[in-house]
Each structure stands twice: as C-alpha cells, then as structure tokens.
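Visitor: Please choose one part of this structure and take me through it closely, residue by residue. I would like the cut-off behind each term as you use it.

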Amino acid sequence: MRPVVSIIMPVFNRLKYLRAAIDSVFMQSFLDWELLIADDGSGPDTQDYLRTLDGQSRVEVLRLSRTGHPAAVRNAALREASGEYVAFLDSDDVWMPGKLQTQIASLRSHGSREWSYTGFTLVDGSGGPLAGAQAARSPAHDGWILDQLVREEALVVTPSVVVRRAFIEEIGGYNEARLVCEDYELWVRLASRSEVDFIDEPLVLVRRHSEHSFDDVTCLENLRRAIEIIQRSGAA
C-alpha cells in the first residue's frame, strides 16, 4: 500500500544534526509515511549511520555519487516517491511531533489548495532559539501568495512544506539549473498555480550554523536574480 506522505531528505554529512532530524520523523503523530533519504556521497561516519536504517520498513536510502547539487539530490528522491503528498525535511532541521498530522488534516479540509507551509522557529546549532534580529516569525499569508513571495513578504522554508505529489510532478520538481535558492523558485511556480494552506504555528525548528553549503550573502544575491527573472517573465 502506498503511504500518504513521502518525506524527502537530502543528506551530506552533518551527522551531529542528522540523527535529530530523523528522530523527529519517527516521533510524528501521523504514521502513514515513507522516508526517502538521498545521500549525496557522505563520508564514512554518515554512511555507517545510514546503514543502520537499512531494512527499516518505511525508510529507503538512495546512495548517490557526490553532486553538491541540492536540486538534483531532491529530485532523485522525488522520482522514487509514491505518497499522495510530498514533505521536505533538511538533514539539520527538526519537525515538531504534530507537524504532518496538522498539515495533512488542513489540506484535506481545503481541497482546492495543493500545498501547505507552516511557521517555524530559528535555532542555533545546539537547538537553542535565536533571539533578536536573528529570530524570525513567518508572516501569516495564505491563499494566493505569489505577489507576497515576489515582494519577499511571505516566508516559506523548505522543511515546512507539504505538497500534493501529482502537483509537484506536474510542474517539474526542482529546477536543476539553479545551484542555490532552488527552493524559492519552486515555491514561486507552486504559488502561480495554486493557493497555499498556511498553518500559523511554529512546527519546524530551522537551524542556523556554520556548516551551511552557501552563506546568506550568496543566497540573497541569487534570490534577487531569481526575482528579476520572474518579474521579467510576467509570472508576477
């Protein structure tokens, strides 16, 4: 039987965070899921840990050659997904136990909405909440949010998103031409085709630490370029 939710998790090392991320999947109150871990050529310690998951009935580890390309790694897992919905969780972030249950129930009660996102809490490498300028609260935007996305008023983080699998397949998954901010571009394509369901609860812990693949300046520069391309294309 196919699961209701396929969880996509790209992995490259970060073992000290990975265990907590995977534990948060197993602690979900919603149980009808499969976890697809796409390992992008991690080192021996991480591979040893991932081997302990082999044989778990709801877990599949996809072992890839190193690409350093988040969009391609996520797409590799997406191609294996069989659930009605797809959820995303990065290997250094953590879900609250009721995250999937809350989102799936809300999506099913809003049949015209093909995707969902939630509020989140920014935490440091040890899991402590960040304060002041480093903290964030996602603005409460739902429905048609394309304009808010382009104006950077709606804040969608990858580990908060759940989307109907048929819908994300229809729009082509992640754009592998983008090395950074590939998630933002995907949200724009989703938002141009469907209303979104927003859960105004901090159901995700998003880590900020020194091991991110790209720094904030690089991502912001690419974000501005993405917005310019979208505006020129007439999508917003």
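Guide: What follows starts from one helix, moves along the loop after it, and then turns to a few related sites. The model is a predicted one, in which local features need pLDDT of at least 70 and side-chain atom pairs count only at pLDDT 80 or more, while totals for chains, interfaces and linings use all residues. Residues are numbered from 1 along each chain as its sequence is written, and side-chain values rest on heavy atoms, with hydrogens and water left out.

The helix is α4, residues 99-109, in which K99, L100, Q103, I104, S106 and L107 are buried. Viewed down the axis of α4, these buried residues fall within an arc of 165°, so they line one face of the helix. The arc is taken from the directions that run from the helix axis to the C-beta atoms. Buried here means under 20% relative accessible area, with exposed being over 50% and partly exposed in between, for a 1.4 Å probe and protein chains only. Helices (H or I, at least four residues) and strands (E, at least two) are DSSP runs, numbered from the N terminus.

Ahead of the helix, W95 sits in strand β5, residues 94-95, and counts as buried at 2% relative accessibility. Leaving aside neighbours within four places in sequence, W95 is in contact (heavy atoms within 4.5 Å) with a set of residues that includes L100, P159, L203 and V204. The C-alpha atoms of W95 and V204 are separated by 4.6 Å, although the two residues are 109 residues apart along the chain. A polar atom of the W95 side chain also lies 2.8 Å from the backbone oxygen of P159.

Past the helix, the loop between α4 and β6 (115-123) contains R113. The side chains of R113 and D197 meet in a salt bridge at 3.2 Å, N to O, a salt bridge being a side-chain nitrogen of Lys or Arg within 4 Å of a carboxyl oxygen of Asp or Glu. This pair links distant parts of the chain, for D197 belongs to strand β8 (residues 196-207), 84 residues apart from R113. Both partners, D197 and R113, are buried.

E114 forms a salt bridge with R164, their closest N and O atoms being 2.9 Å apart. With E114 in the loop between α4 and β6 and R164 in strand β7 (residues 162-164), the pair ties together parts that are 50 residues apart in sequence. Here the partners are partly exposed: R164 has a relative accessible area of 21%, and E114 stands at 22%.

Elsewhere, R151 and E153 form a salt bridge with closest N and O atoms 3.0 Å apart; R151 is partly exposed at 48% relative accessibility, as is E153 with a relative accessible area of 33%. Salt bridges that share partners join E84, R108, E114 and R164 into one network. The structure holds 16 salt bridges.

Beyond its salt bridge with R151, E153 is also in contact with Q148. Q148 lies in helix α5, residues 146-150, and is buried, with a relative accessible area of 16%.

Key: Polar contact = N/O pair within 3.5 Å; in protein donor to acceptor, adjacent residues only side chain to side chain.
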